[in-house]
Amino acid sequence: MQSSSSGFFHSIFPGAAHLLDTPTEEAFDRFTRLATQVLGVPVSLISILDADRQFFKSAIGLQPPFAEKRETPLSHSFCQHVVRTGEPLVVADAREHELVRSNLGIAELGIVAYAGVPIYDQNGRPIGALCAINAIPRQWTASDLEILETVAEHVTSEVAMRERLIQMGVDLATMRASEQTRSQISRADRHDLRTPLNAMLLCMHAVKELGPLNDDQSEFMQTAESSLRVVLEMVDRLIDIGNVDSRGNEALTMVPTDARAIIRSASEQVLPLARTKGIELRTGDDASERFMADVDKTVRVVVNLLANGVKFTPTGGRVSVTARTHADEAKPGIRFTIEDTGIGVAEENIARLFEEGFRVDATAPTRRSTGLGLTFCKRIVEAHGGRIWVESALHKGTAFHFTLPDLIGEEDPAVLRESRAGGGGGVLA
């Protein structure tokens, strides 16, 4: 073939690349079988054009050695003329047809009668042809050509569907790569935020030590330091959320523990806040089984939920934390419940409580909230393979429940007794 034709095929066939050199498939073979049966011809091909060859995505009735090779040079191709013009090619006797009478396919493939119609990609560009071939002359009818065109439309639909699926895969991969890059940048930014924030905190401590400060200065400094600690806490939560989002349970440090140790550590951290506000803090533990968990992060989940309960419970109210073994889930484990007698949550807001940044401002008695605490809890619990949910109603209090599934039993009674030393709960404040 002349170089100009080769350049033409190079320019129009990138969309057909996903079909070249691929195995035979029933999805395409059924079309060529249909063409041979309906038209009564021995050979039918789905030919996809490349720069210097035609590849047979489907070939019914083709003889060796081309049946095994599933391709020929363009010197043997009638289909190239269909693709070049984008129009059907009908040849009653190739030996007498001016366009193809010198084609090597006549002698080597036995092509005498040929009828071919274009196959298109999803952008409407011709990439190949569906053709019917006979080794003897044949006068093709308008009905024959209509049948071929109808079958070719189905082949085009199959090609277009595959191209869309490939593009969807590319788009998904691009989106995932972009999201991964964004997450990496975001995590780096979050870590970088800690440096100037810690520097600011150290400067505040230095100012107080260099003092003395008057009452107004001390109050302003205390407010600034308190606000800075809230921002640091928010950054830490963002870092933890980002780590769990990107690494899943690999971001956890799993060790054997038990509910008593988790509850004791969390309640000790929240007790000063409860006492300051005049909230009764109760603890209880009916679970004896040990389980696998990231102790530090699980304690922080309980601390977040307890502190949340204290914030939204009026003075004189009660917040409690309990744990028990549950068997009513798909996978048995430990269920923690943090319950308060606070202001509750409206039904329309319950579904959004775990969204990042969401706050129920209308009923919040305090605005010192990052909007990340419950998001952190959800990510950590789910990274453990558990689940977290809430039951609440306005003015009737709130109960948060979360489960941790990895029970390991009482494999070390001595350690278990040590971790459970000191009693089984009660009123702390």
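This passage describes a predicted model of a protein chain, moving from the whole chain to single residues.

The overall picture comes first. The protein chain contains 12 helices and 14 strands. It has 429 residues, of which 45% count as buried. The surface that the protein chain exposes amounts to about 21,700 Å², and carbon and sulfur atoms supply 53% of that area. Contacts also show how the chain folds back on itself: among those in the protein chain with a separation of 6 or more, 69% are between residues 24 or more positions apart.

Helix H2 is a good place to begin looking at the parts. This helix covers residues 26–39, which makes 14 residues. From its first C-alpha to its last, H2 reaches 20 Å, close to the 20 Å expected at 1.5 Å a residue. Several positions along H2 are buried, and they are Ala27, Phe28, Asp29, Phe31, Thr32, Ala35, Thr36 and Leu39. Just after the helix comes Gly40, a residue with a positive phi, near 65 degrees.

Arg30 belongs to helix H2 as well, and its surroundings tell another part of the story. With a relative accessible area of 41%, Arg30 is partly exposed. The side chain takes part in a salt bridge with Glu158, where the closest N and O atoms are 4.0 Å apart. Glu158 lies in helix H6 while Arg30 lies in helix H2, so this pair ties together parts that are 128 residues apart in sequence. The two partners can be told apart by their accessibility: Glu158 counts as buried, at 11% relative accessibility, whereas Arg30 is partly exposed at 41%.

Salt bridges occur elsewhere too, and a search of the whole structure finds 16 of them. One of these joins the side chains of Arg95 and Asp93, with a distance of 3.0 Å from N to O. Within this pair, Arg95 is partly exposed, having a relative accessible area of 49%, and Asp93 is buried, with a value of 14%. Another salt bridge brings together the side chains of Lys297 and Asp294, at 3.6 Å from N to O. Here Lys297 is buried, with a relative accessible area of 13%, and Asp294 is buried as well, with a relative accessible area of 4%. Salt bridges can also be linked through shared partners, and in this way Glu25, Arg30, Lys57, Glu158 and Arg162 are joined into one network. Arg30 and Glu158, the pair described above, are thus two members of that network.

Helix H6, which spans residues 142–210, offers further details. Asp144 is found in this helix. At 10% relative accessibility, Asp144 counts as buried. Its side chain makes a polar contact with the side chain of Arg138, at 3.2 Å. Leaving aside residues up to four places away in sequence, Asp144 touches Leu39, Arg138 and Gln139. Leu39 has already appeared above as one of the buried residues of helix H2, which gives a contact between a residue of H6 and a residue of H2.

Met168 also has its place in helix H6, but its setting is another one. At 53% relative accessibility, Met168 counts as exposed, because a residue is called exposed when its value is over 50%. Together with Met161 and Leu165, Met168 makes a nonpolar surface patch of about 300 Å².

The last region to consider pairs a helix with a strand. Ser267 is found in helix H8, which runs over residues 259–277. Ser267 is buried, with a relative accessible area of 3%. A polar atom of the Ser267 side chain lies 2.8 Å from the backbone oxygen of Ile263. Arg282, for its part, is found in strand S8, made of residues 280–285. Its relative accessible area of 36% places Arg282 among the partly exposed residues. Arg282 and Ser267 are 15 residues apart along the chain, and their C-alpha atoms are separated by 8.6 Å.

Definitions and conventions: Residues are numbered from 1 along each chain as its sequence is written. This is a predicted model: local features need pLDDT of at least 70, side-chain atom pairs count only at pLDDT 80 or more; totals for chains, interfaces and linings use all residues. Side-chain values use heavy atoms; hydrogens and water are left out. Patches are made of residues with over 30% relative accessible area and no salt bridge: like charges are joined within 9 Å, nonpolar side chains (Val, Leu, Ile, Met, Phe, Trp, Tyr) within 5 Å. Accessible areas come from the Shrake-Rupley method with a 1.4 Å probe; for residues, only the protein chains shown count as cover. Helices (H or I, at least four residues) and strands (E, at least two) are DSSP runs, numbered from the N terminus. Buried means under 20% relative accessible area, exposed over 50%, partly exposed in between (1.4 Å probe, protein chains only). The expected span of a helix is 1.5 Å times one less than its number of residues. Contact means heavy atoms within 4.5 Å. A polar contact is a pair of N or O atoms within 3.5 Å; within protein, one must be able to donate a hydrogen and the other to accept it, and residues adjacent in sequence count only if both atoms are side-chain atoms.
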